[in-house]
Amino acid sequence: MLEVLRRIVQEVSDARDLEQALGVIVQRVKQAMAVDVCSVYLANYHRRQYALMATDGLNPSAVGRVSFRMGDGLVSVVADTAEPLNLANAPDHAQYRFVAETGEARYHGFLGVPIVHHRKVLGVLVVRQGEARCFGDEEVAFLVTMAAQLAGVIAHAEASGSLAEVQPGYGFGGLVLTGVPGAPGVGLGTGMVMYPPARLEAVPDRQVADTEAEAVTFKTAVATVQAEIEALGERLGAHLSTEERALFEAYSMMLGSGSLVDKTLERIRAGNWASGALRETVSQQARVFEEMDDPYLRERAEDIRDLGRRILLCLQRSGRRKPPPYPERTILVGEEITATMLAEVPRERLAGVISARGSRSSHVAILARAMGVPAVVGVADLAPGRMEGCHMVVDGYRGRAYVNPSLAVRAEYERLALEEAELAAGLEDLRDLAAETRDGRRVILHVNTGLVSDITPSLSSGAEGIGLYRTEFPFMVRDRFPSEEEQRLIYRQVLEAFAPRPVVLRTLDVGGDKPLAYFPITEDNPFLGWRGIRITLDHPEIFLVQVRAMLRANKGLGNLRLLLPMISRVSEVDEAVVLLRRAHQELVEAGEDLALPEVGVMVEVPAAVYQADILARRVDFLSVGSNDLTQYMLAVDRNNSRVAELYDALHPAVLQAIAQVVAAGHRHGRPVSVCGELAGDPMATPVLLGMGVDSLSMSVASLPWVKWAVRNFSADQAREICREAMAMENTQAVRERLAEVLEQAGLGGLIRAGK
Ligand code: PEP
Ligand code: MG
């Protein structure tokens, strides 16, 4: 059974589209379970029905025509209970409905299992048997496993828009994709699919008008590849055995035999561009090889793909492969949108970014934030192949993206975007005003950065300094560790630009989801592994170079503050301070006149919350990293879109932890700041104010909104709101209460603009 399952799973995941995947499932399941019928019904919540989408055994003409109203028939029973239904004699069941078109009177045995994805029932997979019989445990388990596989395929089809093709009216008018908020804001526009060179699977479909010219381009690319392969074969011929040489001959034959070329040409003549047509042909032919029993022939699938990549590269190299012009409001969509792809789009045309990979702290998210472009990253179900030219909405606050949304959704987001722009324009007046409550309590607003390009906007935002400079970025964009002098120059630029305002430079925080290509770390649980201070203490040579560069950059300025990330043990602070003193001593001995900077600890691991008193005694300030603190307290990966709904820094437990840290810091006369994303969320502003947080550090785009919020509450009000929020049972209640509070304070615009 396991082998059968593996084969079906492989076939299904290789299917070109949903229709084919469903066809494979019903045929193979019927065969494997030796039943008379296997069918798939898909839920259409819009029409409130379950429609027969594929069958092997029932009358094929019933597909697309037969459906059950929700609440009706055995299919509804399975969907409603979200449990398997195993009946020896289906017609005996009270909910059984006879459907003449399918010719099902002959069937008695019934086994239906729900197809569930992220708690939502997408449909029902059913097998039927002529004779009356109950299905065994193993059979039920097999069908449940198949349904789980199918759920992924259907969700993927939903995400790519192909479900709407096979089942018009499916869903709620458009697809909603969930990812991780990469950069705040709302963007509406037209999808433009980006893909890396020679990544055949990522190539989108694209319509061409001149199919004959496209066919010629394709044939030229094939001829070039053929010549390349022949040349390769000849060059290596002398060094290869006959068997190895056969590989090149096989390649040549695949190109010459026609099916790869002819099938692609057919698709081009049907209107697809050469790259899209090639992708489809290669994937189909590779699948044929993979289905073969002979392991040698199965391996040929990879050869076909290799050939496909070579032809694609040729097509991309040929002058005709210029991408179409960027739409006026471009939404970049792709498996992995890189910082360079983003930088290539003229800024005035870039309206948003949707990427299947990436996290809040990946380059593209940081760059998008710096440019003020809304971004959703880590969209696990994204299938960009069919998204070129689609209407799209990017909701960078909630981490959602909409593909071909209904007019109502579009209108709502148009309104939000407009409201946001109007509010932002109104906030410009706040630039030179202090961030103080109605009754005059000041809170310091700082910016988070890691990019030199952020300096100018940060300076003009009215920020009172840099609350978090993530030094890992200069490390990530190089192909080796930056030298002491390179680092000194970067740090100097930032320190100088902001002097005399403080600049908090955080020591290297790599590991977790921030890898260095030249310092690979492979771990099962990178967020619980070798990360931040743990790495730098194990590599004092890296730490000392960095600290020396910081101390030297501070020469004659004195606005440097040094911050230690990922502290989970007091001894880590002690060791880091010893190294800092040593670096300082060495420089002084070398004749440099340098001051020792203030040192702070990031409180972002629960252990540090409970030891905040001890830590506060040892250092000059504390800074709460709410991003990691939320991740570690709630045991929710901050970059996993599957659990993104559970990741919320407004969880009462996280709020209580931050309040404890503030109190501990103040007991020892140490200022406490918050520098995670929570600090830039104006909804959290009254709560953080109420705790007595001394400073908030956020992305430059959030600063005016937070200042606006600060200026609309009194310190007493904030304390009361904070007390209430911390006593609540769950995040939802906190959010609802805070929305109410903002509305009452006349800040409803913040919520309506999705802030
Ligand atoms: C945090 O964890 O809140 C933080 C500010 O650090 P980073 O996001 O860089 O991990
Ligand atoms: Mg952190």
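In this predicted model, the magnesium ion (ligand 2) has Glu604 and Asp628 as its protein donors, through OE and OD atoms respectively, at 2.0 to 2.2 Å from the ion. Glutamate 604 belongs to the loop between β19 (598-603) and α20 (606-610), whereas aspartate 628 sits in helix α22 (residues 626-634), so the pair ties together parts that are 24 residues apart in sequence. Both donor residues can be placed with respect to the surface: glutamate 604 is buried, with a relative accessible area of 1%, and aspartate 628 is buried as well, with a relative accessible area of 3%.

From the metal site we turn to the nonpolar interior. In soluble globular proteins, nonpolar side chains tend to be buried together. Here the largest nonpolar core holds 109 residues, and the members that touch the most others are Tyr491, Leu564, Leu622, Ile658, Leu688, Met691 and Leu696. Taking leucine 696 from that group, and leaving aside its neighbours within four places in sequence, one finds contacts with Val443, Ile444, Leu445 and His446, and also with Val674, Ala679, Leu688 and Val706. Another core lies apart from this one and comprises 36 residues, including Val29, Val35, Val40 and Ala157.

The next element to trace is an open sheet of 8 strands with mixed pairing, in the order β7-β14-β13-β9-β10-β11-β12-β8. Its edges are formed by β7 (175-178) and β8 (180-183), each of which pairs on one side only, and neighbouring strands are turned against each other by 30° on average, direction ignored. Within the sheet, strand β9 (residues 186-193) and strand β10 (residues 330-334) run parallel and are joined by 4 bridges; methionine 192, for its part, has leucine 332 in β10 as its bridge partner. Helix α12 (residues 363-371) lies across β8, β11 (350-355) and β12 (375-377), and runs at about 50° to β8. Helix α13 also packs on the sheet, where it touches β9, β13 (391-395) and β14 (400-403), with its direction making about 120° with that of β9.

Charged side chains supply a further set of links. Side chains of opposite charge can pair when their charged atoms come close. With a cut-off of 4 Å between nitrogen and carboxyl oxygen, the count comes to 43 salt bridges. One of them joins the side chains of arginine 317 and glutamate 228, at 3.3 Å from N to O. Because arginine 317 lies in helix α10 (residues 295-317) and glutamate 228 in helix α6 (residues 211-237), this pair ties together parts that are 89 residues apart in sequence. Arginine 317 is exposed, at a relative accessible area of 54%, while glutamate 228 counts as partly exposed, at 29%.

A contrasting setting is found for the salt bridge between arginine 267 and glutamate 280, with 3.9 Å from N to O, since both of these residues are buried. Arginine 267 is in helix α8 (residues 259-269) and glutamate 280 in helix α9 (residues 274-290), 13 residues apart.

Glutamate 464 and arginine 442 form another salt bridge, at 2.9 Å from N to O. Glutamate 464 is in the loop between α14 (455-460) and β16 (466-470) and arginine 442 in the loop between α13 (407-427) and β15 (444-449), so parts that are 22 residues apart in sequence are tied together. Glutamate 464 is partly exposed, at 22% relative accessibility, and arginine 442 is partly exposed with 41%. Elsewhere, a network of salt bridges links Glu484, Glu485, Arg488, Arg548, Arg552, Lys555, Arg582, Glu586 and Glu592.

Methods: Residues are numbered from 1 along each chain as its sequence is written. Chains are lettered from A and ligands numbered from 1 in the order in which they are written. This is a predicted model: local features need pLDDT of at least 70, side-chain atom pairs count only at pLDDT 80 or more; totals for chains, interfaces and linings use all residues. Side-chain values use heavy atoms; hydrogens and water are left out. Helices (H or I, at least four residues) and strands (E, at least two) are DSSP runs, numbered from the N terminus. Buried means under 20% relative accessible area, exposed over 50%, partly exposed in between (1.4 Å probe, protein chains only). A nonpolar core is a set of buried Ala, Val, Leu, Ile, Met, Phe, Trp, Tyr and Cys residues joined through side-chain atoms within 4.5 Å. Contact means heavy atoms within 4.5 Å. Donors are N, O and S atoms within 2.8 Å of the metal (3.2 Å for Na, K and Ca); water is not among the atoms, so sites may look incomplete. Two strands pair if DSSP finds at least two bridges between them. Axes are lines fitted to C-alpha atoms, for helices over the stretch in contact, and angles run from 0 to 180 degrees between N-to-C directions.
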